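Colleague: Please take a close look at a single strand and describe how it sits among its neighbours.

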Amino acid sequence: MTYTKNDGNSSAYSNEFFNNEWRIYQKVLNNNYLRHGEIYSILHKLLVNYFQKSFSMLDLGCGDCTFITQALLNTTITEYQGVDLSESALKIARSNMASLDCEKNFIQGNFLEVVPELVNQRHDRFDIIVASYALHHLSFEQKDLMIGQLASLLQAGGAFILIDVVRRKEEVREVFMKRYLEGVRKHWSLLTPQEYLMTENHISSQDFPETQEALYEISRKHNFTRAECLYCDPLDVIQLLCFYR
Ligand SMILES: C[S@@+](CC[C@H](N)C(=O)[O-])C[C@H]1O[C@@H](n2cnc3c(N)ncnc32)[C@H](O)[C@@H]1O
């Protein structure tokens, strides 16, 4: 299950992403190609139903916070902490989150370094940790390590929300990529040929999805008590998974 991966530790990577691919990513979001509409509406309902009392959230790879802001409106959130490599994205995030009435903190940095630091500092535990389209860059071993660290950053009764591409059971990465990119070619119809090429290059070189079974196995190993899939897109490539402590 070991795949080569982006080392995820370079702010140059993120600046390049912001400069070259951010505009395309905005187009992808605006056309709901990655199903943010459905997913963040489910997340909002989960936050409202699961947390009657106040809650805190850590958001890894928060980007510009467009959708998480919508999900957090009219909830009982009291503390939000966003982490992202890109200062440009965080600048927009601060503005997007301005209307939200809670304590906000944005850390510009690599979550592969920030998360262990929070663990070492014995930072106050979070009720919810979100990683939305941010962990698929990591190798299997890095995801395993990260999810273990996140378990120790969560309150008892808290939850880790993973929104990302997920392979089918026993589907190897190459087969997943073929299926995923066929869907992109067919359905992401408003991308120009050049935008499509850049997207294909990004996905082929940066996306290293796991199967749901492997993610559930990792979560059991790190003492999460329960896992459930709250959303799977019609093409069976994207999932919203919830791991409860
Ligand atoms: C595809 S965007 C997702 C943004 C947002 N979470 C969403 O769902 O729309 C991935 C974000 O994760 C950030 N990112 C990727 N790897 C990271 C890392 N190792 N540490 C911190 N941020 C990272 C990127 O800068 C980018 O803003």
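Modeller: A residue is called buried here if 20 or more other C-beta atoms lie within 10 Å of its own. By that criterion, 37% of the 245 residues of the chain count as buried. The model is a predicted one. It contains 9 helices and 8 strands, and its C-alpha trace spans about 45 × 40 × 35 Å along the principal axes. The radius of gyration is 17 Å, which agrees with the value near 18 Å that a compact globule of 245 residues would have. Of the contacts with a separation of 6 or more, 76% are between residues 24 or more positions apart.

The strand I would pick is β1, residues 55-60. Because 6 of its 6 residues are buried, β1 is largely enclosed by the rest of the structure. In a regular strand the side chains alternate between the two faces of the sheet. In β1, Phe55, Met57 and Asp59 point one way, while Ser56, Leu58 and Leu60 point the other way. Both sets are buried, the aspartate Asp59 included.

Two strands pair with β1, and each is considered in turn. With β2 (residues 77-84), β1 forms 6 bridges in the parallel sense; within this pairing, serine 56 has glutamate 79 of β2 as its bridge partner. The connection involves helix α3 (residues 66-72), which together with β1 and β2 makes a right-handed β-α-β unit. The pairing with β4 (residues 126-132) is also parallel and has 4 bridges. There, leucine 60 of β1 stands opposite alanine 131 in β4.

Definitions and conventions: Residues are numbered from 1 along each chain as its sequence is written. This is a predicted model: local features need pLDDT of at least 70, side-chain atom pairs count only at pLDDT 80 or more; totals for chains, interfaces and linings use all residues. The radius of gyration is taken over C-alpha atoms; the globule rule is 2.2 Å times the number of residues to the power 0.38. A residue is buried if 20 or more other C-beta atoms lie within 10 Å of its own, exposed if 12 or fewer, and partly exposed in between; C-beta atoms are placed from the backbone. Two residues are in contact if their C-beta atoms, placed from the backbone, lie within 7 Å. Two strands pair if DSSP finds at least two bridges between them. A crossover is right-handed if, with the strands pointing away from the viewer, the path from the first strand over the helix to the second runs clockwise.
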